[in-house]
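Work through the exercises below with the model open. Try each task before reading its solution.

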Amino acid sequence: MTVLLLGGSPSSQSSCSRLLQHIGDKLAVHGCRTARLEVRELPGPALLRMDASDPELAQVAAAEAVVVATPICKAAYTGMLKLFLDLLPQDGLQGKAVLPLATGGSQSHLLALDYALRPVLASMSARFILPSIYATSDQLAWDSDRGPRLAPPIAERVAQGVDQLVADLTLRASITGTAAAWQVAA
């Protein structure tokens, strides 16, 4: 089971990037392989010229699931994430489970995930979009020795999101494995 951690933050030290890494660590504990793709690290010309031949796009196709993380900027997901999603084909998330998450300065932007990002993910044929996780800066603290410290409500949402994603991937793998065994026997 490969999960792509797709980061849409312009900063590597942002709370969004740290939360994405935290979720990746939690998924690894459950036996998921993770790959990380930070949109900010892609070559600018590939994004600006809409070069769909960039090899990084293959990571999206190869993943069984995608965790999409973005800070909320001007009541929506980042422009660089928008550029990246525009590079993908219309069915670029077909068959994939997607966990959207975002960080922001206040609860005022809580619904940005549901009103801005979720419709885009759905239009790209995502098989299953899990409940979004939104955290404010106050709910995420960083300890240089222990890593992220999440406020209890966010820690609970992260645990639920990871559990749901792992359960979905496990079920899908068992169904696919069963289907493959059935096809061989037939």
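## Exercise 1: Place and exposure of one alanine

Classify Ala 155 as buried, partly exposed or exposed.

Solution. The model is predicted. Step one: take the relative accessible area of Ala 155, which is 30%. Step two: apply the cut-offs, where buried means under 20% and exposed means over 50%. Ala 155 is therefore partly exposed. Step three: locate the residue. Ala 155 belongs to helix 6, which covers residues 152–185. Step four: look back along the chain. Leu 140 is 15 residues away in sequence, and its C-alpha atom is 9.4 Å from that of Ala 155.

## Exercise 2: An acidic residue in the same element

Asp 168 also lies in helix 6. Decide whether Asp 168 is buried or exposed, and list its contacts beyond four places in sequence.

Solution. Step one: the relative accessibility of Asp 168 is 13%. The limit for buried is under 20%, so Asp 168 counts as buried. Step two: set aside residues up to four places away in sequence. Asp 168 then touches Ala 97, Arg 127 and Phe 128.

## Exercise 3: The overall fold

How many helices and strands does the protein chain have, and in which pattern do they follow one another? Is the chain as compact as a globular protein of its length, or less so?

Solution. Step one: count the elements. The protein chain has six helices and eight strands. Step two: read them in sequence order. The pattern is β-α-β-α-α-β-α-β-α-β-β-β-β-α. Step three: compare radii. The radius of gyration is 17 Å, and the globule rule gives 16 Å for 186 residues. These values are close, so the chain is as compact as a globular protein of that length. Step four: add the box. Along the principal axes, the C-alpha atoms fill roughly 55 × 40 × 30 Å. Step five: check the contacts. Among those between residues at least 6 apart in sequence, 78% join residues at least 24 apart. Step six: turn to the surface. The chain exposes about 9300 Å², and carbon and sulfur atoms supply 57% of that area. Of the 186 residues, 44% count as buried.

## Exercise 4: The nonpolar cores

Find the residues that touch the most other members of the largest nonpolar core, and name the element that gives the most to it.

Solution. Step one: start from a general tendency. In soluble globular proteins, nonpolar side chains tend to be buried together. Step two: list the best-connected members. The largest core has 30 residues, and those touching the most other members are Leu 6, Val 68, Leu 81, Phe 84, Leu 85, Leu 93 and Leu 117. Step three: map the core onto elements. Strand 1 (2–7), helix 3 (57–62), strand 3 (65–71), helix 4 (79–87), strand 4 and helix 5 each give two or more residues to this core. Helix 5 gives the most, with five residues. Step four: inspect Phe 84. Leaving aside neighbours within four places in sequence, Phe 84 is in contact with Leu 6, Leu 37, Val 39, Leu 42, Leu 47, Leu 57 and Val 60. Step five: look for another core. A second, separate one has 25 residues, including Val 3, Cys 16, Leu 101 and Leu 150.

## Exercise 5: Salt bridges

Describe the salt bridges of Asp 114, Arg 40 and Arg 146, with the exposure of each partner.

Solution. Step one: note the total. The whole structure holds six salt bridges. Step two: take Asp 114, whose side chain meets that of Arg 118 at 3.1 Å, N to O. The two residues are four apart in helix 5 (residues 112–123), so about one helical turn separates them. Asp 114 is partly exposed at 33%, and Arg 118 is partly exposed at 21%. Step three: take Arg 40, which bridges to Glu 38 at 2.8 Å, N to O. Arg 40 is partly exposed at 23%, whereas Glu 38 is buried at 5%. Step four: take Arg 146, whose closest N and O atoms with Asp 143 are 3.5 Å apart. Arg 146 is exposed at 65%, but Asp 143 is buried at 16%. Step five: look for shared partners. Salt bridges join Arg 36, Glu 38 and Arg 40 into one network.

## Exercise 6: A nonpolar patch

Which residues make the nonpolar surface patch of about 340 Å²?

Solution. Step one: the patch is made by Leu 110, Leu 111 and Tyr 115. Step two: place Leu 110 in the loop between strand 4 (97–104) and helix 5. Step three: check its exposure. Leu 110 has a relative accessible area of 39% and is partly exposed.

Definitions and conventions. Residues are numbered from 1 along each chain as its sequence is written. This is a predicted model: local features need pLDDT of at least 70, side-chain atom pairs count only at pLDDT 80 or more; totals for chains, interfaces and linings use all residues. Side-chain values use heavy atoms; hydrogens and water are left out. A salt bridge is a side-chain nitrogen of Lys or Arg within 4 Å of a carboxyl oxygen of Asp or Glu. Buried means under 20% relative accessible area, exposed over 50%, partly exposed in between (1.4 Å probe, protein chains only). Patches are made of residues with over 30% relative accessible area and no salt bridge: like charges are joined within 9 Å, nonpolar side chains (Val, Leu, Ile, Met, Phe, Trp, Tyr) within 5 Å. Accessible areas come from the Shrake-Rupley method with a 1.4 Å probe; for residues, only the protein chains shown count as cover. A nonpolar core is a set of buried Ala, Val, Leu, Ile, Met, Phe, Trp, Tyr and Cys residues joined through side-chain atoms within 4.5 Å. Contact means heavy atoms within 4.5 Å. The radius of gyration is taken over C-alpha atoms; the globule rule is 2.2 Å times the number of residues to the power 0.38.
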